[in-house]
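Me: I am new to this structure and should like to learn how to read it. May we begin with a single residue and then turn to the sheet?

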Amino acid sequence: MVDSCPDPTDFSHTVNMLIRGYHEYQKIWTPDIGEVLYLEREPDNCVDKEAVAVCKMMKGKMTVVGHVPALISKWVFRFLRPVSNYGLAKVTAKPINRGIGLGMEVPCTFTFNCRDETGMDWLKNKILDEMKVKFKK
């Protein structure tokens, strides 16, 4: 687990996004606006081997309360491989259902931190490329 304050020597990138799967976790977690959560690789996820869980410390252990969207999860998963790289999610609004078959989602910002500019540029470009493809039309 990392501190919620990035090291001043870190390179950082923030993106507006949604925490997916809230409908699966709403019985154990009620998001608070401004709440900071942790991003953790989830290589044993049976649905997606490159899943990234959004976690909260509950009862002394990290508990999954959602996931990074599949659109960017494989790049975030790879970015988080070095132990010096980390990601945080900050809740920005109440849960929503956009009515497009994705269930309940929690608006947030994902902030990614790493010690080298090359690693940060790599992640920024991967996320940007995915967004371009997704919203090309």
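**Reading a residue and a sheet**

Reply: Let us start with Asp-10, which is placed in the segment before β1. Please keep in mind that the model is predicted.

Me: Does Asp-10 count as buried or exposed?

Reply: A residue is called buried when its relative accessible area is under 20%. Asp-10 has a relative accessibility of 12%, so it counts as buried.

Me: Which residues does Asp-10 touch, leaving aside those up to four places away in sequence?

Reply: They are Tyr-86, Asn-113, Cys-114 and Arg-115. With Tyr-86, the side chain of Asp-10 forms a side-chain polar contact of 3.3 Å. Another polar contact, of 2.7 Å, links the side chains of Asp-10 and Arg-115. In addition, the C-alpha atoms of Asp-10 and Asp-116 are 7.1 Å apart, although 106 residues separate the two along the chain.

Me: In what order do the strands of the sheet lie?

Reply: In general, strands of a sheet pair through backbone hydrogen bonds, in a parallel or an antiparallel manner. Here six strands make an open sheet with antiparallel pairing, in the order β1-β6-β5-β2-β3-β4. β1 (11–19) and β4 (61–67) are at the edges with a single partner strand each, so one side of each has no neighbour in the sheet. On average, neighbouring strands are turned by 35 degrees against each other, direction ignored.

Me: How many bridges join β1 to β6?

Reply: Nine bridges connect β1 with the antiparallel strand β6 (residues 106–114). Within this pairing, Thr-14 is opposite Thr-111 of β6.

Me: Which strands does helix α2 lie across?

Reply: Helix α2 (residues 70–79) lies across β1, β2, β3, β5 and β6, and runs at about 35 degrees to β6.

Terms used:
Residues are numbered from 1 along each chain as its sequence is written. This is a predicted model: local features need pLDDT of at least 70, side-chain atom pairs count only at pLDDT 80 or more; totals for chains, interfaces and linings use all residues. Side-chain values use heavy atoms; hydrogens and water are left out. Two strands pair if DSSP finds at least two bridges between them. Helices (H or I, at least four residues) and strands (E, at least two) are DSSP runs, numbered from the N terminus. Axes are lines fitted to C-alpha atoms, for helices over the stretch in contact, and angles run from 0 to 180 degrees between N-to-C directions. Contact means heavy atoms within 4.5 Å. Buried means under 20% relative accessible area, exposed over 50%, partly exposed in between (1.4 Å probe, protein chains only). A polar contact is a pair of N or O atoms within 3.5 Å; within protein, one must be able to donate a hydrogen and the other to accept it, and residues adjacent in sequence count only if both atoms are side-chain atoms.
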